[in-house]
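Student: I've got a fold open on my screen and I'd like to learn how to read it. Could you walk me through it, feature by feature?

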Amino acid sequence: MPKQSAEVIQFPLGRANAFIIRGQRPIVVDTGYPGSAPTIIDRLNKNGIDPKTVSLILITHGHADHFGSAADLKKQTGAQVAVHKLDADALTKGQDPPLKPTGTIGRWLMKTIEKRGPAKAPPVKPDIIIEHELDLGKFGVDGKAIHTPGHTPGSLAVVLPGGKIIAGDTIMRGIVRFWQPNYPLFADNMFQLKESIKLILRRKPSKIFSGHGGPFNPKTVLRRFS
């Protein structure tokens, strides 16, 4: 019998998205900027999910707009925090690593970032350090987190039965054409990023969720990056 895909609930936290994966137990993927924990708790409650049943807080990568409320949410739910080992230092320090623009808009934004300094968030010590991939079955969700480096060294994607993939910031919406998938504004390694996009597409996804914008039809993603 084929495995049943878990439900993915996407919701915005400012400019970034977070996700609830509803399985036998729920998992929260990404936590937005600092101060977003009340919104996440509210979303859990509105979907009939007791926050205390959250089994895992999975961070797709070490940028403060995605791990910013992890410390607060951990306190409120009691759930463990998981991140790839190559991005764990950002969570422990509570600060974005150096950013590398991928294009004109990213370079323009860097001027503002250089003036204000790197984005910061309450530090949180990860409970689970992922080296290659993480089987989510022990947390109540049939699926796994896989390593998709490029945007950051430790970027992760969540792969679920049925073809749903949460790609983090490996793929994001366009700045002008919001509906169109695009490269992220910043990437630690552009070659790795392109290889990670190919990896995601080789999985033959049915729907691709993004940390900014989306979800995207895989055919649209394939046309954009082929």
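Student: Let's start with strand pairing. Which residue in β5 is the bridge partner of Leu56?

Tutor: The general idea is that strands of a sheet pair through backbone hydrogen bonds, either parallel or antiparallel. Here, Leu56 has Gln80 in β5 as its bridge partner. Keep in mind that you're looking at a predicted model. That bridge belongs to the pairing of β4 (residues 56–58) with β5 (residues 80–84), which is parallel and runs over three bridges.

Student: And what packs on the sheet, touching β3, β4 and β5?

Tutor: That's helix α3, residues 70–77. Its direction makes about 170 degrees with that of β4.

Student: How many strands form the open sheet, and in what order?

Tutor: Six, in the order β1-β2-β3-β4-β5-β6, with mixed pairing. The edges are β1 (7–13) and β6 (128–130), each of which pairs on one side only. From one strand to the next, the twist averages 20 degrees. Helix α1 packs on this sheet too, touching β1, β2 (16–22) and β3, and its direction makes about 145 degrees with that of β1.

Student: Now β9. Which strands does it pair with, and in which sense, parallel or antiparallel?

Tutor: Antiparallel with both β8 and β10. Strand β8 (residues 144–147) is joined to β9 by four bridges, and His147 has Leu156 as its bridge partner in β9. With β10 (residues 164–166), β9 shares two bridges, and Val159 stands opposite Ile165 there.

Student: Are the side chains of β9 buried or exposed?

Tutor: Buried, on both faces of the strand (residues 156–159). Leu156 and Val158 cover one side, Ala157 and Val159 the other.

Student: What does the turn between β9 and β10 look like?

Tutor: It's a hairpin with four residues between the strands, and Gly162 takes a positive phi near 95 degrees in it.

Student: Which residues other than glycine have a positive phi?

Tutor: The background is that most residues other than glycine have a negative phi, and most peptide bonds are trans. Two cases to look at here are Asp30, with phi near 70 degrees, and Lys204, with phi near 55 degrees. Asp30 sits in the loop between β3 (26–29) and α1 (37–46), while Lys204 is in the loop between α6 (190–202) and β13.

Student: Are those two buried or exposed?

Tutor: One of each. Asp30 counts as buried because its relative accessibility is 0%. Lys204 has a relative accessible area of 71%, so it is exposed.

Student: And where is there a cis peptide bond?

Tutor: Go to the bond from Gly214 to Pro215, where omega is near 5 degrees. Pro215 lies in the loop between β13 (207–209) and α7 (218–225).

Student: Let's follow that chain into α7. What does Phe225 touch?

Tutor: Phe225 is found in α7. Leaving out residues up to four places away in sequence, its contacts are Ile171, Pro181, Asn182, Tyr183 and Ile197. Its relative accessibility is 15%, so it counts as buried, the cut-off being under 20%. For a sense of scale, Phe225 and Lys144 are 81 residues apart in sequence and 24 Å apart in space, C-alpha to C-alpha.

Student: On to pockets. How much space lies in the largest pocket, and what lines it?

Tutor: About 630 Å³, with 24 lining residues. Arg15, Tyr33, Leu109, Leu185 and Phe186 lie nearest the centre. The elements that give two or more residues to the lining are α2 (64–67), α5 (104–116) and β11 (172–173), and α5 has the largest share, six residues.

Student: What's the chemistry of that lining, by class?

Tutor: You'll find 14 nonpolar, four polar and six charged residues.

Student: And how does the second largest pocket read?

Tutor: It holds about 250 Å³ of space. It is lined by 18 residues, and those nearest its centre are Ala90, Asp96, Pro97, Pro98 and Pro153. The classes there are eight nonpolar, four polar and six charged.

Definitions and conventions. Residues numbered from 1 in each chain as written. Predicted model: local features only at pLDDT ≥ 70, side-chain atom pairs only at ≥ 80, totals over all residues. Heavy atoms only, no water. Buried < 20%, exposed > 50% of the residue type's maximum accessible area, 1.4 Å probe, protein only. Pairing = 2+ DSSP bridges. Axes fitted to C-alpha atoms, helices over the stretch in contact; angles between N-to-C directions. Contact = heavy atoms within 4.5 Å. 1 Å grid on protein atoms, 1.4 Å probe; cavity = no way out; pocket = protein on both sides within 12 Å on 5 of 7 lines; lining within 4 Å. Points joined across faces, edges and corners; volume = space filled by probe spheres on them. Nonpolar A, V, L, I, M, F, W, Y, C, P; charged D, E, K, R; others polar.
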